[in-house]
Amino acid sequence: MINRKQILYHQAQLNHNKFVLRRRSRRVFKMKKFIDRIIKTAAIAGLLLTGFSGVGALACWGLEIIELNTNAKIIISSWYYQKNACLGGMLVGFSAFLGSSILRASLSISRDNFHK
């Protein structure tokens, strides 16, 4: 009888320890994944900014041509400045995309250890 109680007590203790181990598991913050996600987000945002600014620049260019053809008295239209702002946004967005993709490529090369 004494041996049986000891075996049962030992099994209950093992089950209790497994439950505690499952309950105490926590998520570990990984800096490499965090930086990788930030770089991916910056690259996607750069492409989106480039695309939307390009569409805006094309629209302003078309409206500038329409405005110049309808009224000959206007020499400098307001669409000219908005077109230049959209073209500047395209330049910033494309350079952000290139910079983030080059940074991600250089970080992945340093992790792969190609220099050995």
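## Ser-53 in helix H2

Let's start in the middle of things: Ser-53 sits in helix H2. The model is a predicted one, and in it Ser-53 has a relative accessible area of 11%, which means that it counts as buried, since the cut-off is under 20%. A polar atom of the Ser-53 side chain lies 2.9 Å from the backbone oxygen of Leu-49.

What does Ser-53 touch once neighbours within four places in sequence are left aside? The contacts of Ser-53 are then with Cys-86, Gly-89 and Met-90.

## The overall fold

Stepping back, the protein has three helices and zero strands, and reading along the sequence gives the pattern α-α-α. Two of these helices will keep coming up here: H2, which covers residues 31–70, and H3, which covers residues 79–112.

The protein has 116 residues, and 16% of them count as buried. About 10,100 Å² is exposed, with carbon and sulfur atoms supplying 66% of that area. Contacts across the sequence are also worth a look: among contacts with a separation of 6 or more, 67% are between residues 24 or more positions apart.

## Helix H2 from end to end

How far apart are the end C-alpha atoms of H2? They are 58 Å apart, and this agrees with the span of 58 Å expected for 40 residues at 1.5 Å a residue.

The buried residues of H2 include Asp-36, Ile-39, Ala-43, Gly-46, Thr-50, Ser-53, Gly-54, Gly-56, Ala-57 and Cys-60. Glu-64 and Glu-67 also belong to this buried set. Several of these names are spaced along the helix in small steps, and a general point helps in reading such a list. An α-helix has 3.6 residues a turn, so residues three or four places apart point the same way.

## Where H2 and H3 come together

Two C-alpha pairs help to place the helices in space. Leu-48, in helix H2, has its C-alpha 7.7 Å from that of Gly-93, although the two are 45 residues apart in sequence. Leu-48 has a relative accessible area of 48% and is therefore partly exposed.

The other pair can be read from the H3 side. Ala-96 belongs to helix H3, and its C-alpha is 8.3 Å from that of Leu-47, with their positions 49 residues apart in sequence. Is Ala-96 buried or partly exposed? Its relative accessibility is 36%, so Ala-96 counts as partly exposed.

## Salt bridges

How many salt bridges are there? The count comes to three. One is between the side chains of Asp-36 and Lys-40, at 4.0 Å from N to O. These two residues are four apart in helix H2, so about one helical turn separates them. Asp-36 is buried because its relative accessibility is 17%, while Lys-40, at 38%, is partly exposed.

Asp-36 also meets the side chain of Arg-104 in a salt bridge, here at 2.8 Å from N to O. This pair links distant parts of the chain, with Arg-104 in helix H3 and Asp-36 in helix H2, 68 residues apart. Arg-104 has a relative accessibility of 35% and so counts as partly exposed. Another salt bridge joins Lys-83 to Glu-64, whose closest N and O atoms are 3.3 Å apart. Again the pair links distant parts of the chain: Lys-83 is in helix H3 and Glu-64 in helix H2, 19 residues apart. Both Lys-83 and Glu-64 are buried. Through shared partners, salt bridges join Asp-36, Lys-40 and Arg-104 into one network.

## A nonpolar patch on the surface

Finally, a look at the surface. Which residues form a nonpolar patch there? The patch is made of Phe-29, Met-31, Phe-34, Ile-35 and Ile-38, and together they have about 500 Å² of accessible area.

Phe-34 is a handy member to pick out when viewing the model. This residue is found in helix H2, and its relative accessibility of 39% is why Phe-34 counts as partly exposed. The same helix also holds Asp-36, which is buried at 17% relative accessibility.

Conventions. Residues numbered from 1 in each chain as written. Predicted model: local features only at pLDDT ≥ 70, side-chain atom pairs only at ≥ 80, totals over all residues. Heavy atoms only, no water. Patch = residues over 30% accessible without salt bridge, like charges linked within 9 Å, V, L, I, M, F, W, Y side chains within 5 Å. Areas by Shrake-Rupley, 256 points an atom, 1.4 Å probe, with all protein chains shown as cover. Buried < 20%, exposed > 50% of the residue type's maximum accessible area, 1.4 Å probe, protein only. Contact = heavy atoms within 4.5 Å. Polar contact = N/O pair within 3.5 Å; in protein donor to acceptor, adjacent residues only side chain to side chain. Expected span 1.5 Å × (residues − 1).
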